[in-house]
Amino acid sequence: MARGTTLRRHAHRWRQLDAAARWIFPCATLIFGLFIIGMPFGLPGQAALRPVYAMACVYFWSLYRPGSMPAPLVALCGLLLDLLGLSPFGVWALLLLLLQWVTLLLRRKLVPARFLLVWAAFTVLAAAVAALAWAADSALEEIWLPTTPLAFEGLLAAGLYPGLAALFIKAHRGPAAVEQA
Amino acid sequence: MIRLSVPLRQALSRLTLPVMLVFSLGCILIGRADQNLSDHLSTALDDILAPAYMLVSGPIQAAEHGTGEIGHLFSLSEENAQLRAQNAELLQWQEVAMALAAQNDALKASLHFMPTPTPEFSTGEVVADLGGVYARSVLVLVPPSGVNPQSLLGAIALDGRGLAGRVVDAGSRSVRVLLITDINSRIPVAIGTSGAPALMAGNNGPDPLLLYWSPSQPPAEGAMVLTSAEGGAFPPGLPVGVVHYNQDNQPEVLPLADLDGLRLLRLFSYTNKLPALTPIPRSAPTVAAKTLSRKH
């Protein structure tokens, strides 16, 4: 009898660990991805990939699994993005939180919508956030920054989202599904 | 774990986002008030990440070399013929260079030329391209047996062919090099044989622009661009690039350094021999000097 309770307790502890691992999965992949994108692969426009990847992560997980993307961790990822990407400290933290806020407001409309609409909404939001980042960087560095990276980021956001979403949907049903723990 | 009532918990969860928004606004203000804070944080982060990046970039480079070797097997004879032709051409150039060196020595001897002392340099491996969307910089891992990375602040980075940038941040084992293509980079240069002065300004694109050249001596297409000692920030005569007129008929510099594929950088510390007005720190970096060095 006593052995049964210890076994059950052990099983309970393992389940808690499993649930925690599944809960942290979205943020962990976001932070890990930010580091990976800094590696010297020699891809053209690699630096523009980092904010686009962060935006896609925050958007997707805020939409389908908001519990796994808490605001403090989003702010932390934003600060990390600022430090890695040499933008003024705090700008991307603010922008990612704004993106999350807008996404949560649109959640009721976007979650039951078709994929095309979700994709279009992400492209518009990402372009708007990239434009805000450009404006904030220009204002804080007191210099007119070139606008070509803006267009590139918009294209990158539109082009990469379906691929990233396919990966995220797989994760959403598998390794990030807290309810399966 | 503290047990909270359901409405309170809901209210708290609704409050986190606005609170974090205010927190990030605070971060922007703090970063604005104290530029050194974010510099210190990013340097610390670079120091932590540099070995990790090295672990990953090592195999990538090895794989690159590996595929290169396998790829070369198929075009071995073609490449041999090409190399033989190139070798013959280079032998001719060697003769020219030797003749010129001899002539140079003779001229220097007759002018009582004082040779400039060779600066100390340390070689570091580029472990990561940490540029942002609006910034161009690379992270260089300094070998532990070499000099103290802190003394490399303000050092000039050259790759095998030409000027690549300058050290703006130094941690305990890594340094960050701001490339000449960065939008904050301003480098005084001398153009062509006449040494006409101009300013090379980065624009975040691949080729920096030439500004403030004298209208009476416009830069000629194909002229060599060297660093100039104007302002005292750079030693004179380091190779930078070649003048080229772009589509808008603006002169720009095609850099000699392969800025997209930097692997190794030599960091030259000229800082001890520079004049007093140099806007870069010499031994102990002060706050004012550091912010200045960031803007070149």
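**A tour of chains B and A**

Begin by selecting chain B, whose secondary structure comes to four helices and twelve strands (helices are DSSP runs of H or I with at least four residues, strands are runs of E with at least two, and both are numbered from the N terminus). This is a predicted model, in which local features need pLDDT of at least 70 and side-chain atom pairs count only at pLDDT 80 or more, while totals for chains, interfaces and linings use all residues. Residues are numbered from 1 along each chain as its sequence is written, and chains are lettered from A and ligands numbered from 1 in the order in which they are written.

Colour chain B by burial: of its 296 residues, 33% are buried (20 or more other C-beta atoms within 10 Å of the residue's own, against 12 or fewer for exposed and in between for partly exposed, with C-beta atoms placed from the backbone). Among the contacts of chain B (C-beta atoms within 7 Å) between residues at least 6 apart in sequence, 55% join residues at least 24 apart.

Move next to chain A and select residues 71-85, helix α3, which has 15 residues and reaches 21 Å from its first C-alpha to its last, close to the 21 Å expected at 1.5 Å a residue (1.5 Å times one less than the number of residues). Twelve of the 15 residues of α3(A) are buried, including Val74(A), Cys77(A) and Asp82(A). Just after α3(A), Leu86(A) has a positive phi, near 60°.

Finally, select Gly45(A), in the loop between α1 (2-37) and α2 (46-64) of chain A. Gly45(A) is partly exposed, because 13 other C-beta atoms lie within 10 Å, and its C-alpha is separated by 8.3 Å from that of Phe152(A), 107 residues apart along the chain.

Methods. Contact = placed C-beta atoms within 7 Å.
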